[in-house]
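The text below walks through the strands, a pocket and the charged pairs of one chain. Keep the sequence and the model in view while reading.

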Amino acid sequence: MRTTFDFSPLFRSSIGFDRMLNALEAASRVETFDNWPPYDITKADDETYRVSLAVAGFSPDELSITQEQNMLMVSGQKAGEDNGQYLHRGIAGRAFQRRFELADHVKVVGANLVNGLLTIDLKRELPEEMKPRRIEIATGEALPQAETRQIEAEKHAA
């Protein structure tokens, strides 16, 4: 059983949250679930993440990692046809494309393929203007007060 949520009331009453609401809406629309290749997502600290995919049988030139805005795409395509005669084929070699939605300011910092495990390191890098900063409080003479002016003259009863 699947439950869908109507986010339209939130769109009417919130400002600046449209990207998050669109992501929630897109996540609720996912119908097909492909679990290949298997993967793990780990968090090392508040700013560092790692995605690990089991891609046994793929070489680095058969894999592609791209980042577009807030989307990480990992795809694999075997280079040639394997026309061997198999009695049993348990190692999947089919093409795949796996997508990961990234939060704002998360960037790929590296990728590595060792023993059939592709690891992609991610880091959240906040721009300097978004980091908290301390505001110094000046001491000394106060700023001059602005002169208050009366807009209308007093009205006299006739």
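Over how many bridges do β3 and β4 pair? In this predicted model, the two strands are joined by six bridges and pair in the antiparallel sense. One position can be picked out by its partner: L63 has G76 in β4 as its bridge partner.

β3 and β4 belong to an open sheet of three strands, whose order is β3-β4-β5 and whose pairing is antiparallel. The edges are taken by β3 and β5, each of which has a single partner strand, so one side of each lacks a neighbour in the sheet. From one strand to the next, the twist in this sheet averages 15°.

There is also an open sheet of four strands, again with antiparallel pairing, in the order β1-β2-β7-β6. Here β1 (39-43) and β6 (106-114) stand at the edges with a single partner strand each, so one side of each is left without a neighbour in the sheet. The twist of the four-stranded sheet averages 15° from one strand to the next. Within this sheet, β2 (residues 48-54) pairs with β7 (residues 117-124) in the antiparallel sense, over seven bridges. In that pairing S52 has T119 of β7 as its bridge partner.

The edge strand β6 contains K107. K107 has a relative accessible area of 38% and is partly exposed, because the buried class ends at 20% and the exposed class begins over 50%. K107 also lies 8.7 Å from N70, C-alpha to C-alpha, although 37 residues separate the two in sequence.

Side-chain charges come next. Side chains of opposite charge can pair when their charged atoms come close. With a cut-off of 4 Å between a side-chain nitrogen of Lys or Arg and a carboxyl oxygen of Asp or Glu, the model has two salt bridges.

One of them joins D121 and R50, with the closest N and O atoms 2.6 Å apart. D121 lies in strand β7 and R50 in strand β2, so this pair ties together parts that are 71 residues apart in sequence. D121 is partly exposed, at a relative accessible area of 22%, and R50 is partly exposed as well, at 36%.

E62 and K78 also form a salt bridge, and their closest N and O atoms are 3.6 Å apart. E62 lies in the loop between β2 and β3 (63-68), while K78 lies in the loop between β4 (71-76) and β5, so the pair ties together parts that are 16 residues apart in sequence. Are E62 and K78 buried or partly exposed? E62 counts as buried, at 15% relative accessibility, whereas K78 counts as partly exposed, at 29%.

The remaining feature is a pocket. Rolling a probe the size of a water molecule over the atoms shows where empty space is left. The second largest pocket has a volume of about 160 Å³. Which residues line the second largest pocket? They are I41, Y49, V51, F100, E101, L102, A103, V106, L122 and R124. The elements that give two or more residues to this lining are β2, β5 (96-101) and β7. By residue class, the lining has eight nonpolar residues, two charged ones and no polar ones.

Key. Residues are numbered from 1 along each chain as its sequence is written. This is a predicted model: local features need pLDDT of at least 70, side-chain atom pairs count only at pLDDT 80 or more; totals for chains, interfaces and linings use all residues. Side-chain values use heavy atoms; hydrogens and water are left out. Two strands pair if DSSP finds at least two bridges between them. Axes are lines fitted to C-alpha atoms, for helices over the stretch in contact, and angles run from 0 to 180 degrees between N-to-C directions. On a 1 Å grid over the protein atoms alone, a cavity is a set of points where a 1.4 Å probe fits but cannot get out, and a pocket is an open set with protein on both sides within 12 Å along at least five of seven lines; lining residues have an atom within 4 Å of a point. Grid points are joined across faces, edges and corners, and a volume is the space filled by probe spheres set on the points. Ala, Val, Leu, Ile, Met, Phe, Trp, Tyr, Cys and Pro count as nonpolar, Asp, Glu, Lys and Arg as charged, and the others, Gly among them, as polar. Buried means under 20% relative accessible area, exposed over 50%, partly exposed in between (1.4 Å probe, protein chains only).
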